[in-house]
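Okay, everyone, thanks for squeezing me in. Have a look at the slide, and then I'll walk you through it.

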Amino acid sequence: MKTCGQCKLEFQIFDEDREFYKKINVPEQIWCPECRTMHRCYEQTIS
Ligand SMILES: [Zn+2]
């Protein structure tokens, strides 16, 4: 379990997600999926 850097909620990272982010050279997720959806620009900066 990880704690979201935004809302402090605990969320789960799956191994396949971890592999994916490693592949696109992005550090491990620090935000829960909900916060990531609310901050779309964050994901756009990555891609
Ligand atoms: Zn969050």
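So, which element of the chain has the lowest mean pLDDT, and which has the highest? Keep in mind that this is a predicted model. The lowest is helix 3, residues 40–46, with a mean of 60, and the highest is strand 2, residues 10–11, at 92. For the chain, the mean pLDDT is 81, and 85% of the residues get to 70 or more. Where pLDDT is low, we shouldn't read the predicted coordinates in detail. So I'll go easy on helix 3, given its mean of 60.

Now the layout. We've got three helices and two strands, and if you go along the sequence, the pattern is β-β-α-α-α.

How much of the chain is buried? Out of 47 residues, just 2% count as buried. Take helix 1, residues 15–23: it has nine residues, and the number of buried ones is zero, so the program's verdict on that helix is "hardly covered".

Right after helix 1 comes Asn-25, and its phi is positive, about 65°. Lys-8 has a positive phi too, near 65°, and it isn't a glycine. Where does Lys-8 sit? You'll find Lys-8 in the loop between strand 1, residues 2–3, and strand 2.

Last one: is Lys-8 buried or exposed? Lys-8 is exposed, because there are 8 other C-beta atoms within 10 Å, and the cut-off for exposed is 12 or fewer.

That's me done, so over to you.

Definitions and conventions
Residues numbered from 1 in each chain as written. Predicted model: local features only at pLDDT ≥ 70, side-chain atom pairs only at ≥ 80, totals over all residues. Buried ≥ 20, exposed ≤ 12 C-beta atoms within 10 Å, placed from the backbone. Helix = DSSP H or I, 4+ residues; strand = E, 2+ residues; numbered from the N terminus. pLDDT = per-residue confidence, 0-100.
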